[in-house]
Amino acid sequence: MRLYDINRELKDGKNYIYGDGLHALVIGGYYEDMKIPFDGFVAEQGGGEILGRPILSLEQLQEIQDANVLITETEWQAIYDKVYEYIMPEHIFMNTTWLPRKSPCIACNNMLTFSSNALFVPFLVERMFLGKEKPTLMMHCPKCGMYYSYYRPSDEEMGRLYSGYRDEIYQQQREKYESAYTKEFNESLFEPQDGGKSRMDGMIRFMKEFVDFEANSFILDFGGDKGQFIPPEFKNSEKFVYEISGSYVLDGIHLITDCNELLRYNWDVIFCNMVMEHLSDIQEYFSQLVSYMTENTILYIEVPIERYMENAEVAYIHEHINFFREKTFYELAKQNNVQVIKSETTDVIRCLIRKE
C-alpha cells in the first residue's frame, strides 16, 4: 500500500479512479490536463461514462488483470473497505493524509492498517497520565473496520481513570476542562430513564427473537455498574452484576467482584453494555466473556457508533479508545469459535453472540 503522488503515473497496467460524481470529473479532468494516463472510473453500481471513459463496477474491475484503483474521495475509509474486498492491496492507491503502517490490528491482527494524527484530551492527560503527554495515533483497519488509539494505556493508567469512576473528584477534574460536565450532568448519565429508557427499549426489541424474558434465567451484566440496565422484563430471573469499581448495586441485584465466581453459574444471558470502547486489550476481554458462556448462553454486546475520527485532521481521544464497526465483532467471534447471530447499527452497535 502506497500513497499516490499525483504528479506521476500510478503504475503499468489499467488505471482507474474511484468515483462517478463531480469529484471524479474534476480529478479526471486534471489527469487529462497533466497527461496522466487512466482508463476509466469505478463506482459501486457502474454504468455510463465520464470524459469518454467507462464507469465500471467493482465486480467488473475484479475481472481486469493488473487493474489499479486510485481512491481520491474525502471519506476514503469506507470506500477502501469495499475496494479491499475485490482488489489486492498492492493495486490500491490513495491521495489522503492517512498513512499505511505495518502494525497488527488490535481486533483481528490484520497487518494492513492506517494511521492518522491524534491526541489525548487534557482531562485524560491529567487524570490518566499524571500530566504527561502520551504520543498516539488514530489507527484504522480495513479488514474489520476498527478505529482505535495506537497508544494502549497500561493497567495502572486505566486504574487511575476508573478508580472512583464518576465520583466527586472525577467530576471536578473533568469539569475543569469541560464546563458542560456538571455534577447534575454526571449524576444523570447512569439513570435508566429518558435516554436510558430508549436504550433499554432498543435492547429489548433487538433481543426478543432469541431470548425468553419470562423464563427462570441467570442474567449477568459484565461490568454493569449498578445493574440498572438489566431489562426489568426478566421478572423471574436471578440477576447479577460483575463490577470491580466499588459501585453499589440496586435492590434485587447480586454483586460479584471475583471473576472466578462467574464460572459457578450457567448464564442464560450475559450483557456487555457500553464497556468495550474503554478497554486496552479487547481480544483478551472478548475471550474472557466467551469463557463464561455455555452452549445455551446469549451474549449481548452494545457499543457506541462514533465516526468523528474518519475525516478529522487531528482526532482528539477521550475515554473511548476503541471505535467499533459491526464487522469487528464478526472477526472477534471467528477468532473465538462463536457466532454472531444478529447485529445492527443504529445510534449504537448491537450484537447477539452464541457458541457455534
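The following paragraphs lead through a predicted model, beginning with its seven-stranded sheet and ending with selected loops and a surface patch.

The sheet is open, and its seven strands follow the order β14-β13-β12-β15-β16-β20-β19, with mixed pairing. At its edges stand β14 (253–256) and β19 (338–345); each has a single partner strand, so one side of each is left without a neighbour in the sheet. Averaged over neighbouring strands, and with direction ignored, the turn of one strand against the next in this sheet is 20 degrees.

Within that order, strand β16 stands between β15 and β20. On one side, β16 pairs with strand β15 (residues 269–273) in the parallel sense, over five bridges. In this pairing, N273 is the residue opposite E302 of β16. The connection between the two strands involves a helix: β15, helix α9 (residues 282–291) and β16 together form a right-handed β-α-β unit. The loop that leads from β15 to α9 contains M274. This residue, which is not a glycine, has a positive phi, near 60 degrees. As background, most residues other than glycine have a negative phi.

The pairing of β16 with strand β20 (residues 348–355) is antiparallel and comprises six bridges. Two positions serve to locate the register: Y300 stands opposite L352 in β20, and P304 stands opposite V348 in β20. Mixed pairing can thus be followed at β16 itself, with a parallel contact to β15 and an antiparallel contact to β20.

How many of the residues of strand β16 (residues 298–304) are buried? Seven of the seven are, so the strand is largely enclosed by the rest of the structure. The cover extends to both faces of β16. One side presents I298, Y300, E302 and P304, the other L299, I301 and V303, and all of these residues are buried. E302, the partner of N273 across the parallel pairing, is therefore buried, as its relative accessible area lies under 20%.

Burial is also found in helix α3 (residues 76–83). Six of its eight residues are buried, so this helix too is largely enclosed by the rest of the structure. The buried residues are W76, Q77, I79, Y80, D81 and V83.

Several leucines in loops give a view of the surface. L250 is placed in the loop between β13 (238–242) and β14, the latter being one of the edge strands of the sheet. L250 is partly exposed, with a relative accessible area of 34%. Its C-alpha atom is separated by 5.7 Å from that of K226, although the two residues are 24 residues apart along the chain.

L130 belongs to the loop between α4 (122–127) and β10 (136–140). This leucine counts as exposed because its relative accessibility is 60%, and exposure requires over 50%. L130 also has a positive phi, of about 55 degrees, although it is not a glycine.

L51, finally, occupies the loop between β4 (49–50) and β5 (53–56). With a relative accessible area of 33%, L51 is partly exposed. Together with L22, L25 and V26, L51 makes a nonpolar surface patch of about 360 Å².

Conventions
Residues numbered from 1 in each chain as written. Predicted model: local features only at pLDDT ≥ 70, side-chain atom pairs only at ≥ 80, totals over all residues. Heavy atoms only, no water. Buried < 20%, exposed > 50% of the residue type's maximum accessible area, 1.4 Å probe, protein only. Helix = DSSP H or I, 4+ residues; strand = E, 2+ residues; numbered from the N terminus. Pairing = 2+ DSSP bridges. Right-handed = clockwise from strand over helix to strand, strands pointing away. Patch = residues over 30% accessible without salt bridge, like charges linked within 9 Å, V, L, I, M, F, W, Y side chains within 5 Å. Areas by Shrake-Rupley, 256 points an atom, 1.4 Å probe, with all protein chains shown as cover. Salt bridge = Lys/Arg side-chain N within 4 Å of Asp/Glu carboxyl O. Axes fitted to C-alpha atoms, helices over the stretch in contact; angles between N-to-C directions.
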